[in-house]
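This report considers one protein chain, moving from a single residue to a strand, then to the chain as a whole and its internal spaces. Please keep the sequence and the structure in view while reading.

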Amino acid sequence: MVRLAVNPRGLSTTTLGPDKLGKCSLRIKGNKLEAFPRCSESNFSNLRRNNSFAYFDRTRYVSVLDSIHARAILFLRPRRFGKSLTLSMLQHFHGIQHRDQYDELFLDLDIDKDVKGDKITPGEYLILDFNFAEMNRTRDLNKAAEGLAVNIIWSLERFYRVYYSYIGGSSGQLMSENINQGDAIHSLRKLVLIVDDALSEIKNRGDKKHPLANVKGIYLLADEYDAFSNEYIDPHNSQPWAESDASSLVKDFWATVKGMMRLPYGIQKCFITGISPLSLADNTSGFNIAANMSFEQEVAGLCGLSRADVAGALERICKSKADVERHLDRLTRYANGYHFCRYEKSEPVFNTDTSLEYLQAVLTHKDFNIANPPNSEVSHRFLEISASSPVAVTYIQRALTPSPDRATQYSLIPYSDLVDRFSLVDLQNRARGDLEETAFCTLLLYFGAFTFDKENPSKFLTIPNHIVAKRFDATILHRFKLLSSMRNAVKFLALRGDIIATLAGYQELMAARDIKQ
């Protein structure tokens with residue numbers, strides 16, 4: 001049961017000592033640093049081949065992920081934390097087509113120690129990747145289903161174009177014979193079966209000279225698995241999505257992936273990124289084999305920048321120690337505070353995109369309003385959904401309330417349970433008691449509104465930073481049309497973060513209007 005009591009201790013300002021910070025992972029191939037590419041630059045090879053680009057090395061996690069005893073891993077983070085670049089890193093390491101480029105891409109990075117120590121071998125898979133964010137949005141669910149099918153088929157065609165020389169035949173022949181433009185799921189099955197047959201034949205005849213002799217099978221990478229369905233899921237009315245062809249296609253896709261993992265040389269591994277487990281329950285009920293590693297200590301720092309990363313970058317581009325401290329303090333208040341480990345203490349991380357944009361502004365001597373960045377880790381759609389939910393508004397209001405002694409910026413929200421998977425029905429159905437509150441609390445955590453408290457992560461949640469607090473403040477006010485009609489209440493909200501007093505004032509205002517009418 002989740003109780004909405006307020007703990008007086010809020011966002012911790014304690015920083016890790018130098019011995020616990022770790023080393024800065026910033027890597028630059030050349031002598032001159034010219035850019036901190038943001039998350040939109042998500043191609044690993046492009047990033048590594050530009051000698052003036054900054055890259056924060058996360059390749060040590062390639063070995064970590066490989067050592068996890070799960071064939072399918074679900075890794076969830078809020079928006080703009082660099083998930084797409086993580087997938088590109090995995091693709092370039094594991095894909096056989098990149099094996100000859102290993103030295104150029106990985107030689108000076110952390111993973112090279114494990115490769116030289118024979119702990120892991122690059123280029124052992126054929127990569128089948130899907131990006132569910134790369135779609136045109138339309139409110140028509142029938143057209144949405146057509147667009148999703150096209151997106152799946154496009155990924156299959158790309159696979160044939162990359163690997164036709166390995167599995168035999170021309171790319172055109174493979175696509176014309178095995179892709180049915182009207183049946184994306186059938187085309188997916190055929191592709192996996194073709195790979196399984198080809199590898200089985202190579203293994204059975206003991207052809208050690210074949211380029212695929214050491215290939216284990218397909219490594220499926222799914223980027224933003226929930227980006228498509230999140231556009232159409234409505235917590236207040238799930239029926240249109242649940243009954244649509246688009247929903248059925250998503251379910252069929254994941255059920256097929258699960259089935260193809262039973263083959264000896266079919267889909268051997270899956271790494272799936274997204275934002276929340278909501279779509280996993282509603283759309284991938286047939287794919288119940290993924291291990292949700294999102295809040296495990298082993299991968300807590302996979303996405304996001306550490307304090308050592310940010311400090312090291314600032315030391316590289318700032319003229320004085322005072323400038324380093326000033327910029328580090330601002331980034332800490334506005335972009336830091338994300339603690340992604342549920343049961344153990346770990347170092348909080350900075351939002352990747354906001355930090356990179358800020359570092360680029362410092363590097364180029366341009367202004368950047370970090371208090372109101374153009375993009376947010378919390379999507380506008382989720383902000384609107386939260387503002388329309390009494391449960392979510394209550395949670396956020398409590399978290400935004402300062403401690404009684406004003407010692408801390410935000411209060412802590414105690415919790416005793418989270419749900420690993422939940423459906424829209426869980427959010428809608430109040431008859432299920434505490435489940436609705438638990439589900440919404442979990443949703444706020446995954447979308448970046450809350451994070452685990454750094455000191456007691458297994459007991460408390462908190463607001464991560466000022467940017468998140470400001471976004472929810474403004475959205476809730478806009479939802480209740482308070483921005484222009486209650487200036488004093490807005491000022492009170494800005495100072496205290498107390499939405500209840502503001503809403504009470506609005507209620508009185510509307511009551512007075514109704515009486516006059």
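Between which two helices does the loop that holds Gly182 lie? The model is a predicted one, and in it the loop with Gly182 connects helix H8 (171–178) and helix H9 (184–204). Gly182 has a relative accessibility of 73%, and because a residue over 50% counts as exposed, Gly182 is classed as exposed. Gly182 can also be compared with Ile153: the two are 29 residues apart in sequence, and their C-alpha atoms are 9.4 Å apart in space.

**A buried strand**

Is strand E5 (residues 217–223) largely enclosed or largely open? Seven of its seven residues are buried, so strand E5 is largely enclosed by the rest of the structure. E5 pairs with two strands, as the table shows.

| Strand paired with E5 | Bridges | Direction | Example of opposite residues |
|---|---|---|---|
| E4 (residues 125–131) | Seven | Parallel | Ile127 and Tyr219 in E5 |
| E6 (residues 267–274) | Five | Parallel | Phe271 in E6 and Leu221 |

In words, E4 and E5 run parallel and are joined by seven bridges, with Ile127 standing opposite Tyr219 of E5. E5 and E6 likewise run parallel, joined by five bridges, and Leu221 has Phe271 of E6 as its bridge partner.

**The chain as a whole**

The chain contains 23 helices and ten strands. It has 517 residues, of which 57% count as buried. Where contacts link residues at least 6 apart in sequence, 75% of them join residues at least 24 apart. The chain exposes about 22,700 Å², and carbon and sulfur atoms supply 48% of that area.

**Internal cavities**

How many cavities of 30 Å³ or more does the structure hold? There are three, and the largest has a volume of about 270 Å³. The lining of the largest cavity comprises 21 residues; those nearest its centre are Tyr55, Phe56, Gly82, Leu85 and Thr352.

Three elements each supply at least two residues of this lining: strand E2 (55–56), helix H4 (83–94) and helix H16 (352–364). Helix H4 gives the most, with three residues. Sorted by class, the lining of the largest cavity consists of 13 nonpolar, five polar and three charged residues.

Terms used: Residues numbered from 1 in each chain as written. Predicted model: local features only at pLDDT ≥ 70, side-chain atom pairs only at ≥ 80, totals over all residues. Heavy atoms only, no water. Helix = DSSP H or I, 4+ residues; strand = E, 2+ residues; numbered from the N terminus. Buried < 20%, exposed > 50% of the residue type's maximum accessible area, 1.4 Å probe, protein only. Pairing = 2+ DSSP bridges. Contact = heavy atoms within 4.5 Å. Areas by Shrake-Rupley, 256 points an atom, 1.4 Å probe, with all protein chains shown as cover. 1 Å grid on protein atoms, 1.4 Å probe; cavity = no way out; pocket = protein on both sides within 12 Å on 5 of 7 lines; lining within 4 Å. Points joined across faces, edges and corners; volume = space filled by probe spheres on them. Nonpolar A, V, L, I, M, F, W, Y, C, P; charged D, E, K, R; others polar.
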